[in-house]
Amino acid sequence: MTTLHELRSADEAGFVALLDGIYEHSPWIAAAAFRARPAAGHASLAALKHALVQAVREAGREAQLGLIRAHPELAGKAMVAKSLTAESTDEQTRSGLTHCSADEFAQLQQLNAAYNARFGWPFILAVRGPRGEGLTRAEIIATFARRLAGHPDFEFAECLRNIHRIAEIRLADRFAGEPGAVPLRGRRVWDWAEELAVHSDPGFVEKGQLTVTYLTEAHRKVAQRLRWWMKECGFDEVEIDAVGNVVGVYHGSDAQAKRLMTGSHFDTVRNGGKYDGRLGILVPMAVVRELSAAGRRLPFGLEVVAFSEEEGQRYKATFLASGALVGGFDAAWLEQRDADGVTMREAMQAAGLPGTLESIAALERDPARYLGFVEVHIEQGPVLNELDLPLGVVTSINGSVRYLGEVQGMASHAGTTPMDRRRDAAAAVAELVLFVEQRAGSVPDVVGTVGQLEVPAGSINVVPGRCRFSLDLRATTNAARDALAADVKTALARICERRGLAFTLEPTMAASAAPSHPAWQARWERAVQALGLPVFCMPSGAGHDAMKLHERMPQAMLFMRGGNSGISHNPLETITADDTELCVAAFQRLLEDLATDTP
């Protein structure tokens, strides 16, 4: 076992020797990290990891390609010949690759050959997986087959990311005595998320898909499990409130002291991922568990809210749960019906909730009782993943507007209508799509999407007479959002006038931008910096419960990277226990920082 003290005390040769085997046959990486280290040395394991990653990022493509090619094929000739490094032997053994059946071995050989033929380098996968204890052979083969279809540029980067993950796990083994090296808290959060994911709605659970919509049986089981865990973690008060939120309170040294609120949602989209929302509940639970075990109280209370609804999947009432806490529950929602004709009121009552406006109105929080609201969340995008950064500080949650539109032209025969006589509704919308792409792409931190396109009663030999479409426009400020919307509407009118078409455009949703409170954003920045990581600030393109709490109290968010290029709302959504360990540590740092400022 090695210590960071030994590493900081070593000369370059000793430094490289202590890190031998972390990166496969590539001592140049440790040498480059040594030469680039700050005067204080690598003060934490996270800082060391980042330095090694930066050495690879700055090395150039040829050196990176050499690093990829230094790795052995999975269950390949080197394994058969028993010529793998000790580290690779351990990793392939843990995942059972040394005990492949004849069919599995043949399949891996076929995949290895196909991958090398397509890309020109070996397939790299961190076979010890996101928890660090080993993927199954079936998981390895499925991932191999999926990535074989990837774009070469993406796959090159994905190989490097997996190499860094392999190095991270090896460093944890090598420096196991250092604080946080073995991600025990990260694994606990990961395990909790796995256990919650066994609950899924009918029609999805049979397919192994995760779908948990508002107040279904699966939803209620998740709520009860969270309630049980909160009690087990040592929360002083735990309840399921009138909209189904699970609320846990850990009192401060004075039970009447102001509280910091945190949390996120536990419902999911259909066939979604395991960590969207849920990470922001489980991370603070892990922190309270440690505080309670140590018998420690902070000078403020901590209120963790597992919001029962954010996605708007069963009822058209997005942010129903967090909205109730800021007095934003719409009474008309109670009479909304789901696809089976069940009203929200009926669903609430079936779940044992009052289903009355009075009980829901009573949930509104007095902002004078709170210090603020913080939320941790997976990024749900590729930025942190591409930058090889585990954490990012959110500057603002984008404001957004949504529209449903239709362009009306004239349906006519595809063969007999000359091109200059057509009133093609779909062509007009296609032109609009390109305008949205160009206009949004011309301004930083602005995005525009046409996610739905439909030609009603369309036919292969008919010029489209109607075309329906959606618009989703987002920006970090309301002014930038509104400027984009104005330009898109002007472009739509201009396109339709030139083409002799009519159109309708109906607004369906508007959400204001929620900039992070400067003091709270600074707290997150200090927490990340204290871990030895660079501070990277970024906007959130997705909406979050923090947007609703922003209406009543200061808020700020921390992002954690997701794997698989940061994909979310998808079964491929993934995190690592090591990143989660850092997220828990950052949350703890924020609490410590706040404690020093709280009388």
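1. Let me start with Glu303, which is buried, at a relative accessible area of just 1%. This is a predicted model, so read what follows as computed from that prediction. Who pairs with Glu303? Arg365 does, through a salt bridge whose closest N and O atoms are 2.9 Å apart. Glu303 belongs to strand β4 (residues 301–307) and Arg365 to the loop between α16 (357–361) and β5 (370–378), so this salt bridge ties together parts that are 62 residues apart in sequence. Arg365 is buried too, with a relative accessible area of 15%. That value is under the 20% cut-off for buried.

2. Next, a pair with a shorter span in sequence to look at. Arg345 and Glu335 form a salt bridge, and the closest N and O atoms are 2.6 Å apart. Arg345 is in helix α15 (residues 344–350), while Glu335 is in the loop between α14 (320–325) and α15, so the parts being tied together are ten residues apart in sequence. Buried or exposed? For Arg345 the answer is in between: partly exposed, at 27% relative accessibility. Glu335 also counts as partly exposed, at 45%.

3. Some salt bridges share partners. Lys49, Arg165, Glu168 and Asp578 are joined into one network that way. If you're browsing the model, those four residues are worth displaying together.

4. Over to the helices at the start of the chain. Arg35 makes a salt bridge with Glu12, with 2.9 Å between the closest N and O atoms. Arg35 sits in helix α3 (residues 27–36) and Glu12 in helix α2 (residues 12–18), so to speak a link between distant parts of the chain, 23 residues apart. Arg35 is exposed, with a relative accessible area of 56%, whereas Glu12 is partly exposed at 30%. As a general point, side chains of opposite charge can pair when their charged atoms come close.

5. Helix α3 has a buried side as well as that exposed arginine. In α3, Ile29, Ala30, Ala31, Ala33 and Phe34 are buried. What do the buried residues of α3 pack against? Three helices: α2, α4 (45–57) and α5 (61–69). Helix α2 therefore turns up twice here, as a packing partner of α3 and as the helix that holds Glu12.

6. Now the salt bridges as a whole. How many does a search of the whole structure find? The count is 45. As for the charges themselves, the protein chain has 62 positive and 74 negative ones. Their mean positions are 1 Å apart.

7. Two backbone oddities deserve a look. Most residues other than glycine have a negative phi. Phe319, though not a glycine, has a positive phi of about 65 degrees. Phe319 is found in the loop between β4 and α14, and it is buried, with a relative accessible area of 15%. Gln380 is the other one, not a glycine and with a positive phi of about 65 degrees. Gln380 is in the loop between β5 and α17 (383–387) and counts as partly exposed, at 23% relative accessibility.

8. A quick word on the overall fold. The secondary structure of the protein chain comes to 22 helices and 16 strands. The radius of gyration is 26 Å, close to the 25 Å that the globule rule gives for 599 residues, so the chain is as compact as a globular protein of that length. Along its principal axes, the C-alpha trace spans about 75 × 70 × 50 Å.

9. On contacts and burial: what share of the 599 residues counts as buried? It is 53%. Among contacts with a separation of 6 or more, 77% are between residues 24 or more positions apart. The accessible surface of the chain is about 25000 Å². Carbon and sulfur atoms account for 53% of that surface.

10. Last, a pair for getting your bearings. Ala430 lies in helix α18 (residues 425–441) and counts as partly exposed, at 40% relative accessibility. How far is Ala430 from Phe266? In sequence they are 164 residues apart, and in space 37 Å, C-alpha to C-alpha.

How values were computed. Residues numbered from 1 in each chain as written. Predicted model: local features only at pLDDT ≥ 70, side-chain atom pairs only at ≥ 80, totals over all residues. Heavy atoms only, no water. Helix = DSSP H or I, 4+ residues; strand = E, 2+ residues; numbered from the N terminus. Rg over C-alpha atoms; globule rule 2.2 N^0.38 Å. Buried < 20%, exposed > 50% of the residue type's maximum accessible area, 1.4 Å probe, protein only. Contact = heavy atoms within 4.5 Å. Areas by Shrake-Rupley, 256 points an atom, 1.4 Å probe, with all protein chains shown as cover. Lys, Arg positive; Asp, Glu negative; His and termini not counted. Charge placed at Lys NZ, Arg CZ, Asp CG, Glu CD. Salt bridge = Lys/Arg side-chain N within 4 Å of Asp/Glu carboxyl O.
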